[in-house]
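Visitor: I am new to this structure and would be grateful for a guided introduction. May I put some questions to you?

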Amino acid sequence: MKQGWRRWATAAAAGVFCVAVSAGSAQSATGPGGSSYGATTGVGVHNAYEKSTYTYFADALDSGAAMLELDVWTNVFGSSWRVSHSNPLGNDNNCENAASAAELRSKARNQNLAGCLSDIRAWHDAHPGHRPVVLKVELKDGFLATSGRGPAELDALLTAKLGDALYRPADLVGSHATPDEAVTAGGWPTRDALAGRFLVELIPGTVEEGNPLDTLWTDREYATRLRDLAAAGRLREASAFPAVHAAQAGDPRTRYTDTSIRPWFVIFDGDASAYAGGSIDTAWYARSKYLVLMTDAHNVAPAIDGTGPTSAQALDRLTLLAGKHASIISADWHALTGVLSTVVPRAAG
């Protein structure tokens with residue numbers, strides 16, 4: 001696919017640039033592509049795997065969105081890693097398990113996570129230098145290592161399917177000791193440097209968070225794995241980044257009593273209304289060069305439609321939350337491809 005910008009437009013009211021890029025294009029160093037990934041704000045799609053959102057997951061990848069979300073189940077009552085919103089026993093999604101781009105939009109849907117990742121790889125191979133994409137994985141009921149679906153097995157699956165297309169914690173850490181040290185010292189790579197890469201973000205799931213018997217949530221379990229892999233000189237095996245889930249004033253990592261895992265969190269994910277409400281110093285995240293994903297962006301006052309606002313309303317919301325230091329905002333605006341592919345500067349801390 002031809003590389004370059006599709007269009008430039010000025011967000012005059014905010015005094016910032018606004019640019020939409022074609023789904024498979026690399027980004028010009030004269031524009032946002034030359035900016036640090038942590039200094040820009042994009043738009044993601046909630047539950048992009050649902051057939052009512054996109055007919056095929058390839059359509060989600062083509063949308064230009066900065067983030068696409070997958071819900072995954074691991075319990076012993078079903079086999080493999082299931083991708084579904086509300087069915088914990090089986091798969092209900094738009095993934096096809098395509099072996100190549102030629103098979104996209106041609107096969108049976110309702111595949112497991114491996115099938116979704118195969119689609120992503122097939123699309124990736126057909127779109128060299130594509131925009132950086134966050135794959136947000138909500139582990140609905142958490143890891144279940146006793147069933148062969150623990151952190152190590154997820155790393156193995158992601159590596160087998162996406163391989164060099166992944167931007168890994170080891171890539172960020174480099175010669176530093178932890179992700180926290182790396183981003184506070186040097187920030188994130190430029191968007192150009194991340195072209196053609198996927199960053200996998202892990203959050204605890206709604207069922208996991210509501211389960212009183214589950215005392216080891218996804219965030220803590222995976223951060224512990226990162227710390228231990230690094231200590232063993234094997235950090236390269238890790239394929240994902242755990243996020244601190246739910247907005248909270250101050251440094252939300254203080255919730256982890258094990259202080260040794262706190263520096264392994266540099267991504268934060270929570271409700272946009274909470275972040276924008278005035279009680280949280282969101283500039284702290286920007287100063288520290290941490291990424292912040294703000295969900296349900298449409299609910300921030302004054303609320304707009306969660307599925308089909310006008311493009312102007314959605315772009316105004318993007319500008320508002322970029323000013324609140326968001327890295328990615330998300331809603332269900334799947335049809336607004338011009339909005340989904342828009343990148344604006346993130347306000348400095």
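The conversation below moves from the overall form to individual residues.

Visitor: How many helices and strands does the protein have?
Guide: The model shown is a predicted one. Its secondary structure was assigned along the chain, and the protein has 11 helices and 12 strands.

Visitor: What radius of gyration does the protein have, and what would a compact globule have?
Guide: A compact globule with 349 residues would have a radius of gyration near 20 Å. The C-alpha trace spans about 55 × 50 × 40 Å along its principal axes. The computed radius agrees with the globule value, since the protein has 19 Å.

Visitor: What percentage of the 349 residues is buried?
Guide: A residue counts as buried when its relative accessible area is under 20%. The accessible surface of the protein comes to about 12,800 Å², and 53% of that surface belongs to carbon and sulfur atoms. Of the 349 residues, the buried ones make up 55%.

Visitor: Among contacts with a separation of 6 or more, what share joins residues 24 or more positions apart?
Guide: The contacts considered here are those in the protein with a separation of 6 or more. Residues 24 or more positions apart account for a share of 67%.

Visitor: Which helix gives the largest nonpolar core its largest share of residues?
Guide: In soluble globular proteins, nonpolar side chains tend to be buried together. Here the largest nonpolar core has 97 residues, and those with the most contacts inside it include Phe57, Leu113, Trp188 and Ile267. The largest share of this core is 7 residues, and they come from helix α2 (residues 113-126).

Visitor: Which tryptophan is in contact with Ile267?
Guide: Ile267 is one of the residues with the most contacts inside the largest nonpolar core. Neighbours within four places in sequence are left aside here, and the contacts of Ile267 then include Leu199, Phe241, Val244 and Leu293. The tryptophan in contact with Ile267 is Trp188.

Visitor: Why are Asp125 and Arg121 separated by about one helical turn?
Guide: Side chains of opposite charge can pair when their charged atoms come close. The side chains of Asp125 and Arg121 meet in a salt bridge, at 3.1 Å from N to O. Arg121 is partly exposed, with a relative accessible area of 22%. The two residues are separated by about one helical turn because both lie in helix α2, at a spacing of 4 residues.

Visitor: How many residues apart in sequence are the parts tied together by Lys136 and Asp269?
Guide: Lys136 forms a salt bridge with Asp269, and the closest N and O atoms are 3.0 Å apart. Lys136 lies in strand β6 (residues 133-139), whereas Asp269 lies in strand β9 (residues 267-271), so the pair ties together parts that are 133 residues apart in sequence.

Visitor: Are Lys136 and Asp269 buried or exposed?
Guide: The test is a relative accessible area under 20%. Lys136 has 3%, and Asp269 has 1%. Lys136 is therefore buried, and Asp269 likewise counts as buried.

Visitor: Which residues are joined into one network by salt bridges that share partners?
Guide: A search of the whole structure finds 18 salt bridges. One of them links Lys140 with Glu138, whose closest N and O atoms are 3.5 Å apart. Salt bridges that share partners join three residues into one network: Asp59, Asp62 and Arg105.

Visitor: To which backbone oxygen does the side chain of Ser341 reach?
Guide: Ser341 is found in the loop between α11 (337-340) and β12 (342-345). Ser341 is buried, with a relative accessible area of 1%. At 2.9 Å, its side chain reaches the backbone oxygen of Thr337.

Visitor: What is the omega of the cis peptide bond from Ala301 to Pro302?
Guide: Pro302 has its place in the loop between β10 (291-295) and α10 (311-323). The peptide bond leading to Pro302 from Ala301 is cis, with omega near -5°.

Visitor: What are the positive phi values of Asn97 and Ala246?
Guide: Asn97 lies in the loop between β5 (82-83) and α2, while Ala246 is found in the loop between β8 (240-245) and β9. Asn97 is partly exposed, with a relative accessible area of 31%, and Ala246 counts as partly exposed at 38%. Neither residue is a glycine, yet phi is near 65° for Asn97 and about 90° for Ala246.

Notes: Residues are numbered from 1 along each chain as its sequence is written. This is a predicted model: local features need pLDDT of at least 70, side-chain atom pairs count only at pLDDT 80 or more; totals for chains, interfaces and linings use all residues. Side-chain values use heavy atoms; hydrogens and water are left out. Buried means under 20% relative accessible area, exposed over 50%, partly exposed in between (1.4 Å probe, protein chains only). A polar contact is a pair of N or O atoms within 3.5 Å; within protein, one must be able to donate a hydrogen and the other to accept it, and residues adjacent in sequence count only if both atoms are side-chain atoms. A nonpolar core is a set of buried Ala, Val, Leu, Ile, Met, Phe, Trp, Tyr and Cys residues joined through side-chain atoms within 4.5 Å. Contact means heavy atoms within 4.5 Å. The radius of gyration is taken over C-alpha atoms; the globule rule is 2.2 Å times the number of residues to the power 0.38. Accessible areas come from the Shrake-Rupley method with a 1.4 Å probe; for residues, only the protein chains shown count as cover. A salt bridge is a side-chain nitrogen of Lys or Arg within 4 Å of a carboxyl oxygen of Asp or Glu.
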